[in-house]
2 protein chains.
Amino acid sequence: MTNTPVCVLGLGLIGGSLMRAAAGAGREVFGYNRSLEAVQAARADGFDTTEDLDAVLRRAAEGNALIVLAVPVPALGRLLAHIRDVASGCPLTDVTSVKGAVLDEVRAVGLLDRFVGGHPMAGTAHSGWAAGTAELFVGAPWVVSVDDHVDPEVWALVMNLALDCGAVVVPARSEEHDAAAATISHLPHLLAEALAATAGEVPLAFALAAGSFRDGTRVAATAPDLVRAMCEANATHLLTALDRTLNLLNHARDALSQDKPLTDLVDLGHAARIRYDSFPRPEIVTTVIGEDRWREELAAAGRSGGVIRSALRVRGSRG
Amino acid sequence: MTNTPVCVLGLGLIGGSLMRAAAGAGREVFGYNRSLEAVQAARADGFDTTEDLDAVLRRAAEGNALIVLAVPVPALGRLLAHIRDVASGCPLTDVTSVKGAVLDEVRAVGLLDRFVGGHPMAGTAHSGWAAGTAELFVGAPWVVSVDDHVDPEVWALVMNLALDCGAVVVPARSEEHDAAAATISHLPHLLAEALAATAGEVPLAFALAAGSFRDGTRVAATAPDLVRAMCEANATHLLTALDRTLNLLNHARDALSQDKPLTDLVDLGHAARIRYDSFPRPEIVTTVIGEDRWREELAAAGRSGGVIRSALRVRGSRG
């Protein structure tokens with residue numbers, strides 16, 4: 001099963017890193033990018049890439065490759081229409097950040113039964129083919145969706161790809177993933193932007209800035225288009241998270257303005273961070289993919305910190 | 001002048017690191033801590049320390065040592081009263097974060113003419129003697145106050161101590177320092193606490209947390225007492241910074257809820273962070289401490305990024 005070829009659509013930071021990591025694990029991998037520049041850069045690094053979408057999808061269809069959608073959400077529609085026309089039988093996954101938006105697009109073109117969403121929780125402030133590395137996913141959580149519709153065999157293919165890239169697999173329902181991603185990925189971007197913008201208006205602030213500011217604004221260096229795309233695509237969940245944060249900060253504001261202690265916010269935040277530092281990561285080992293209630297079992301395990309570090313068995317397969 | 005002994009009051013992370021760094025630079029340094037535990041830990045590491053405040057201050061007075069206040073703001077009053085009684089002639093500085101609050105305390109006991117405020121912009125999430133290192137200040141900005149009252153000779157003593165510790169000196173007026181510190185140090189703490197607290201309430205959030213969350217909440221691991229002390233001591237300036245951030249986030253909230261783009265916040269934040277990455281740090285070399293308008297000259301240079309990397313000349317001294 002791990003000999004299934006991999007077809008990567010989009011050779012930016014994530015797609016490009018995935019291509020390197022999968023090749024490093026001995027997988028057959030080929031890729032496509034819309035702009036010739038990334039295609040040529042990847043080719044110069046020894047990878048099998050093209051800017052011909054029809055050709056790459058015909059090849060995927062012939063080899064029944066696992067197709068990986070590694071483009072920003074706004075570019076998904078065009079790719080999915082082509083996949084439906086040329087390679088509708090191929091197993092399909094994605095590596096974009098917001099799962100609800102991708103599910104909507106995949107459902108709209110009728111490819112839901114071959115689709116299992118994915119999200120490697122790794123990145124840097126840089127983007128593009130040149131920023132990628134084979135090591136980007138090593139030790140990182142890689143969410144693989146266990147929504148009600150997912151097919152056990154496609155699920156196992158995506159799990160194996162993530163493991164081949166060195167990631168640990170976190171099974172999660174798309175809806176829960178998006179609510180969590182809003183708080184631990186999208187909200188931090190908004191706070192970083194606000195912090196950088198606020199400091200940028202104060203004389204002397206940059207002259208004094210040290211660790212707290214650098215860490216707190218690191219992700220504000222991310223390309224604005226990427227930040228907007230992921231935040232706007234998860235607007236509903238992000239609003240919930242942002243409202244909670246605004247509520248906490250408004251209470252702190254009131255306390256400060258009345259010379260009252262900041263106890264509530266500081267104690268809550270400190271306790272949460274300490275809890276995070278010792279959050280357990282038990283390994284999921286007993287679930288058999290495809291058995292009764294396997295999706296519910298994996299979703300519950302992922303929610304309480306469980307991760308998959310080596311391939312789970314699939315019902316009916318050897319091993 | 002660099003042979004002036006150094007008397008460190010308070011042997012926590014900052015005071016303890018300062019003691020190590022000054023000793024490493026060949027300075028005579030001795031210290032005091034209220035709790036015997038830190039005194040003994042420092043002594044075991046080979047440092048000259050005591051828990052007898054009267055004795056340490058008599059020794060400072062005899063040697064005309066530079067006294068460094070390295071205790072939290074709430075503990076300043078008690079120390080300053082003792083200093084006034086036993087060692088009122090000694091040059092005096094501090095290494096606490098909020099300069100306005102310290103100025104008020106120093107003024108109240110009548111020691112303003114021997115005082116030059118300081119603030120090394122370095123730290124870790126840990127505290128106490130054991131957390132300190134001689135390298136903590138290497139390359140870090142160390143603010144030395146150029147308020148109207150400051151004495152040129154005391155100013156030079158504090159500058160030399162900071163340089164001996166490996167820091168770069170940023171001259172700044174106390175008021176401007178506090179406004180800047182509110183945005184690049186205290187506000188990041190509040191945002192980190194709010195982010196950690198928000199994520200702590202969402203199932204799956206800790207399971208998925210990666211770089212953005214870790215960086216954005218790093219300082220939430222700081223002891224709550226320290227966070228509250230520095231934020232509450234700078235409440236007025238922090239309110240100004242927090243209100244600006246709340247304003248930016250509320251606009252982002254409105255945009256998200258109306259399906260409008262997050263352009264304003266994201267573009268502002270990104271531009272500020274990029275500007276910070278290339279913020280110039282020209283060296284201040286020509287100012288002579290004690291000459292006409294030297295304070296104004298240094299404050300203006302610090303505001304536009306200027307730093308002191310080697311000791312400036314003092315009017316009337318050799319060199």
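In this predicted model, helix α7(A) passes helix α12(B) in a left-handed crossing. The two helices cover residues 174-200 of chain A and residues 263-277 of chain B, and their axes come within 7 Å and cross at roughly 60°. That angle falls outside the 65 to 115 degrees that count as roughly perpendicular, and α7(A) and α12(B) are therefore described as oblique to each other. On the α7(A) side, the residues that meet the partner helix are Leu190(A), Glu193(A), Ala194(A), Ala196(A), Ala197(A) and Gly200(A). Facing them in α12(B) are Leu265(B), Val266(B), Leu268(B), Gly269(B), His270(B), Ala272(B), Arg273(B) and Arg275(B). Sorted by class, this contact comes out as eight nonpolar, three polar and three charged residues.

Now for the pair with the chain letters swapped. Helix α12 of chain A (residues 263-277) and helix α7 of chain B (residues 174-200) have axes that come within 7 Å and cross at roughly 60°. Here too the label is oblique, and it follows from the angle, so α12(A) and α7(B) are oblique to each other. The crossing of α12(A) past α7(B) is left-handed. From α12(A), the contact draws on Leu265(A), Val266(A), Leu268(A), Gly269(A), His270(A), Ala272(A), Arg273(A) and Arg275(A). From α7(B) come Leu190(B), Glu193(B), Ala194(B), Ala196(B), Ala197(B) and Gly200(B). The residues of this contact split into eight nonpolar, three polar and three charged.

Zooming out to whole chains, 85 residues of chain B touch 85 residues of chain A. Put together, chain B and chain A bury about 7,700 Å² between them, with 71% of that on carbon and sulfur atoms. Within chain B, the residues that lose the most area to chain A are Phe206(B), Leu208(B) and Tyr276(B), and together they account for 9% of what that side buries.

Chain A can also be looked at on its own. Its domain assignment gives domain 1, made of 6-172 + 280-303, and domain 2, covering 178-277. The centres of these two domains of chain A, taken over C-alpha atoms, are 30 Å apart. Contact between them involves eight residues of domain 1 and 10 residues of domain 2. Between them, domain 1 and domain 2 of chain A bury about 780 Å², of which 65% is on carbon and sulfur atoms.

How values were computed: Residues numbered from 1 in each chain as written. Chains lettered and ligands numbered in written order. Predicted model: local features only at pLDDT ≥ 70, side-chain atom pairs only at ≥ 80, totals over all residues. Heavy atoms only, no water. Axes fitted to C-alpha atoms, helices over the stretch in contact; angles between N-to-C directions. Helix = DSSP H or I, 4+ residues; strand = E, 2+ residues; numbered from the N terminus. Parallel < 35°, antiparallel > 145°, perpendicular 65-115°, else oblique. Left-handed = near helix turned anticlockwise from the far one by under 90°. Contact = heavy atoms within 4.5 Å. Nonpolar A, V, L, I, M, F, W, Y, C, P; charged D, E, K, R; others polar. Domains from an automatic or database assignment. Buried area = accessible area lost by both parts, 1.4 Å probe.
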